[in-house]
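Here are a few short exercises to try with the viewer open. Give each one a go before reading its worked solution.

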Protein chains: 2
Amino acid sequence: MTQAPSPRPMRKDASINRERLLDAARELFAEKGLGVTLNDIARHAGVGVGTAYRRFANKEELIDTLFEERLQAVEAVAREALDEPDPWTALTDYLTRTLQMQFGDRGLHQILDDPTLGDARINDVRTRIAPLIVELVRRAKDAGVVRSDFEPTDVTFMQSAMAPIMDSTRDLAPQVYERYLTFFLDGIRSDDRTFTPLPAPALSSEITHTAMTSRRRSTSRRRA
Amino acid sequence: MTQAPSPRPMRKDASINRERLLDAARELFAEKGLGVTLNDIARHAGVGVGTAYRRFANKEELIDTLFEERLQAVEAVAREALDEPDPWTALTDYLTRTLQMQFGDRGLHQILDDPTLGDARINDVRTRIAPLIVELVRRAKDAGVVRSDFEPTDVTFMQSAMAPIMDSTRDLAPQVYERYLTFFLDGIRSDDRTFTPLPAPALSSEITHTAMTSRRRSTSRRRA
DNA sequence: CGTAAGCGGATATCGTCAATCCGCTTAGCT
DNA sequence: AGCTAAGCGGATTGACGATATCCGCTTACG
């Protein structure tokens, strides 16, 4: 779905380089976010900038190509969650799994969090995901496992709330964000009142300080 | 504490302009965050850039001057909270009030959130605040009103989690972040299992979309 | 082996921000 | 009233970082 039906198929070295660029982009977007430059990507791929610009008009094109597939994966997770019979597990699985994906891929997080990013195709997938979340929440509420004043849009804000935690602790204590997700989920569920065991210990104040200090900058620009 | 004991006291117009600059800076830092330029501030104050640079060597100097007082206010809130006899109220008052301050002042939020910012004086205040939080949490745990696996550093991350919510909803639905604070607090408290009534309704999906789309950019730079 | 396709990367272009400089104005003293 | 040091505005300079192009050299492949 990526190759055009042109007569000449593209020289072998050219398509190798194209793959290299895509790999490098995947890696860098995941690690540093969408802010990385095409130059960075080219260098990382071991090719010249010129090559990068010959294959992709600009960074956006690369992003759109790459993240359509990632977003579809998120959609798939939502659909799988809807197959889960237990409504609480369904909702938390969705949250846990998508946050995990976002944790491993800063670019994905940015794309999910900022509807401004991405082309029509990307928006398409986003549009398909929204109603799935609505359904997940509806089921959980109908089953009475979630407080009745919880709403689908709360899922969105929840996810964006985890972002700064992920960013500041990614290198030092990877799973800490799950700790806060747990607090949140315990504040949402209505089935019983035992606390969920926390999946990660709290950070010491020293580590917390380091985390805040060395927080990676988001790297993305745009608008005034 | 701001006037030097120099012989010549400073011309009247000069000190008027200085005040104007400070006012403008307070306003812009609060509204747009620490990323605003001295040029912006000068224009907002209705004076030339030259004047700004004559009064303050650079933006940092202005920030340090302005935020020492703001941070002291945060410290005061923590001390007041410690006077509160009920440990749960003490802890939540602190969180609620400081988040409210941060909500009204993006610059304050940035300073609190990023220990890299600010000079020695600022760090001084920060250092004085930390043990107060430790004490607030200790009391709450001793009283058994908070789950026993909650730790002081959790307060820090909590605050930074609220940031993206504040930023994206500030203009559209000012108090929504309190909704998420409530979810979180309900996930933390161990006294009973009634849910706290949510202080703000959920956002509709349309408004949520708008919020995410028009999220103000953080405006601050620094490092690679 | 000829040549169109591809390549690298130096470089032009643009935008943003910090900071300076200098000709003009004015407060405040005598 | 007149003088002058202090202050003023804001155009301008310089540093930087990112995007995107251009062109002389290399290489795949018919």
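## Exercise 1: The two chains together

In this predicted model, 40 residues of chain A are in contact with 40 residues of chain B. Find which elements of chain A give two or more residues to the side that touches chain B, and which gives the largest share.

**Solution.**
- Step 1. Collect the elements: helix H8 (152–169), helix H9 (176–186) and helix H10 (205–213) of chain A each give two or more residues to the side that touches chain B.
- Step 2. Pick out the leading contributor: H8(A) supplies the largest share, 12 residues.
- Step 3. Sort that side of chain A by class: there are 19 nonpolar, 10 polar and 11 charged residues.

## Exercise 2: How the copies are related

Work out what rotation and shift superpose chain A on chain B, and name the relation.

**Solution.**
- Step 1. Recall the general case: two copies of a chain are related by a rotation about an axis and a shift along it.
- Step 2. Fill in the values: chain A superposes on chain B after a rotation of 180 degrees, with 0.0 Å of shift along the axis and an RMSD of 0.0 Å.
- Step 3. Name it: this is the relation of a two-fold axis.
- Step 4. Check the contacts: 100% of the contact residues of chain A recur in chain B, so the same surface serves both copies.
- Step 5. Locate the axis: among the residues of chain A, A:Gly187 comes closest to the rotation axis, its C-alpha lying at 1.8 Å.

## Exercise 3: Around the DNA strands

Identify the residues that come nearest to DNA strand C, then those closest to DNA strand D.

**Solution.**
- Step 1. For strand C, 23 residues lie around it, and A:Gly48, A:Gly50, A:Thr51, B:Thr37 and B:Asn58 come nearest.
- Step 2. Assign elements: helix H1 (12–32) and helix H3 (49–55) of chain A give two or more residues each, as do helix H1 (12–32), helix H2 (38–45) and helix H3 (49–55) of chain B. H3(A) gives the largest share, 4 residues.
- Step 3. For strand D, 23 residues surround it, the closest being A:Thr37, A:Asn58, B:Gly48, B:Gly50 and B:Thr51. Here the largest share, 4 residues, comes from H3(B).
- Step 4. Sort by class: the surface near strand C has 7 nonpolar, 8 polar and 8 charged residues, and the surface near strand D has 7 nonpolar, 8 polar and 8 charged.

## Exercise 4: An annotated stretch

Describe the backbone of the stretch that UniProt lists as "DNA-binding region" in chain A.

**Solution.**
- Step 1. Find the range: the unreviewed UniProt entry lists residues 37–56 of chain A.
- Step 2. Read the backbone: residues 37–56 of chain A are 75% helix and 0% strand, with end C-alpha atoms 13 Å apart.

Methods: Residues are numbered from 1 along each chain as its sequence is written. Chains are lettered from A and ligands numbered from 1 in the order in which they are written. This is a predicted model: local features need pLDDT of at least 70, side-chain atom pairs count only at pLDDT 80 or more; totals for chains, interfaces and linings use all residues. A residue is near a molecule or strand if its C-beta atom, placed from the backbone, lies within 6 Å of it. Ala, Val, Leu, Ile, Met, Phe, Trp, Tyr, Cys and Pro count as nonpolar, Asp, Glu, Lys and Arg as charged, and the others, Gly among them, as polar. UniProt positions are given in the numbering used here, feature names are shortened, and annotations may be inferred rather than shown by experiment. Two residues are in contact if their C-beta atoms, placed from the backbone, lie within 7 Å. Copies are superposed by least squares on the C-alpha atoms of residues with pLDDT of at least 70 in both.
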